[in-house]
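Colleague: Please take a close look at the salt bridges in this model and describe what surrounds them. A connected account would help a first-year student most.

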Amino acid sequence: MEGRYTKKIWYEFLMWESPFDPSDCNSDVIFELDDGSRWAVTFFTYKNIETIRNTNRCTGECLYGTYFCATDMVLISEISVETIKAVLQEMLSSGSIEIYCSKLS
């Protein structure tokens, strides 16, 4: 997919009404490539994984925080338009979009 580019990107976090910590959250992203194909991925911050794990220790989910899994998960340093655009472009350049993101029908 080298030379491809994102035509449109929808960021879940831009729809949120309440303030959030860009270093400790996760967000779905749906994007369309220049060929018209649509893709989905969920970005998590590294810190958010630890926050979820600590919550799960208390609630008992995921064997009390013993494991965590999510489909189409990509870890990033912060949730921001700039970071996500850069990661998507890198993934397009390296050809890894098909590995880490799901193509939507």
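Modeller: The model is predicted, and its salt bridges come to five. Side chains of opposite charge can pair when their charged atoms come close. The pairs are taken here one after another, with the parts of the chain they belong to.

One of the salt bridges is between Glu32 and Lys7, with N and O 3.6 Å apart. Its two partners come from distant parts of the chain, as Lys7 is in strand S1, residues 6-11, and Glu32 is in strand S2, residues 26-33, 25 residues apart. Is Glu32 buried or exposed? Glu32 has a relative accessible area of 14%, so this residue counts as buried.

Another salt bridge joins Asp21 to Lys47, and here the closest N and O atoms are 4.0 Å apart. Asp21 sits in the loop between S1 and S2, while Lys47 belongs to helix H1, residues 46-59, so this bridge ties together parts that are 26 residues apart in sequence. Both partners are partly exposed: Asp21 has a relative accessible area of 35%, and Lys47 one of 46%.

Helix H1 also holds a salt bridge of its own. Arg53 and Glu50 both lie in this helix, three residues apart, which is about one turn. Their side chains meet with N and O 3.7 Å apart. Arg53 is partly exposed at 35% relative accessibility, and for Glu50 the value is 35% too, again partly exposed.

The remaining group to describe is a network: Arg4, Asp34 and Asp35 are joined by salt bridges that share partners. Arg4 is found in the segment before S1. Its relative accessible area is 26%, so Arg4 counts as partly exposed. The side chains of Arg4 and Asp34 also make a polar contact of 3.5 Å, and a polar contact of 3.0 Å links the side chain of Arg4 to that of Asp35. Arg4 and Asp35 are 31 residues apart along the chain, and their C-alpha atoms are separated by 8.1 Å.

What else does Arg4 touch, when residues up to four places away in sequence are not counted? Besides Asp34 and Asp35, Arg4 touches Gln89 and Leu92. Gln89 is part of helix H3 and is partly exposed, with 34% relative accessibility. Seen from Gln89, leaving aside neighbours within four places in sequence, the contacts are Arg4 and Tyr5. Phe13, by comparison, is 76 residues from Gln89 in sequence, and their C-alpha atoms are 19 Å apart in space.

Helix H3 leads from the charged pairs to the nonpolar interior. In soluble globular proteins, nonpolar side chains tend to be buried together. In this model, the largest nonpolar core has 18 residues, and those touching the most other members are Val29, Phe31, Val41, Phe43, Ile84, Ile97 and Cys101. At least two residues of this core come from each of S2, strand S3 (38-45), strand S4 (73-76) and H3 (81-94). H3 gives the most, with four residues. Strand S2 thus has a place in both parts of this account: it carries Glu32 of the bridge to Lys7 and also supplies residues to the core.

Cys101, from that core, is buried at 5% relative accessibility. Neighbours within four places in sequence aside, Cys101 is in contact with Phe31, Trp39, Ala40, Val41, Asp72 and Met91. Phe31 and Val41 are also named among the core residues that touch the most other members.

Why is Cys101 not bonded to another cysteine? The closest cysteine sulfur, in Cys25, is 17 Å from the sulfur of Cys101, which is too far for a bond. The disulfide count for the model is zero. Cys25 is likewise in no disulfide, and at 8% relative accessibility it counts as buried.

Back in helix H1, which holds Lys47 as well as Arg53 and Glu50, there is also Asn56. Unlike those partly exposed residues, Asn56 is buried, with a relative accessible area of 5%. Setting aside neighbours within four places in sequence, Asn56 is in contact with Glu61, Cys62, Tyr64 and Gly65.

Key
Residues numbered from 1 in each chain as written. Predicted model: local features only at pLDDT ≥ 70, side-chain atom pairs only at ≥ 80, totals over all residues. Heavy atoms only, no water. Disulfide = S-S within 2.5 Å. Buried < 20%, exposed > 50% of the residue type's maximum accessible area, 1.4 Å probe, protein only. Core = buried A, V, L, I, M, F, W, Y, C linked by side-chain atoms within 4.5 Å. Contact = heavy atoms within 4.5 Å. Polar contact = N/O pair within 3.5 Å; in protein donor to acceptor, adjacent residues only side chain to side chain.
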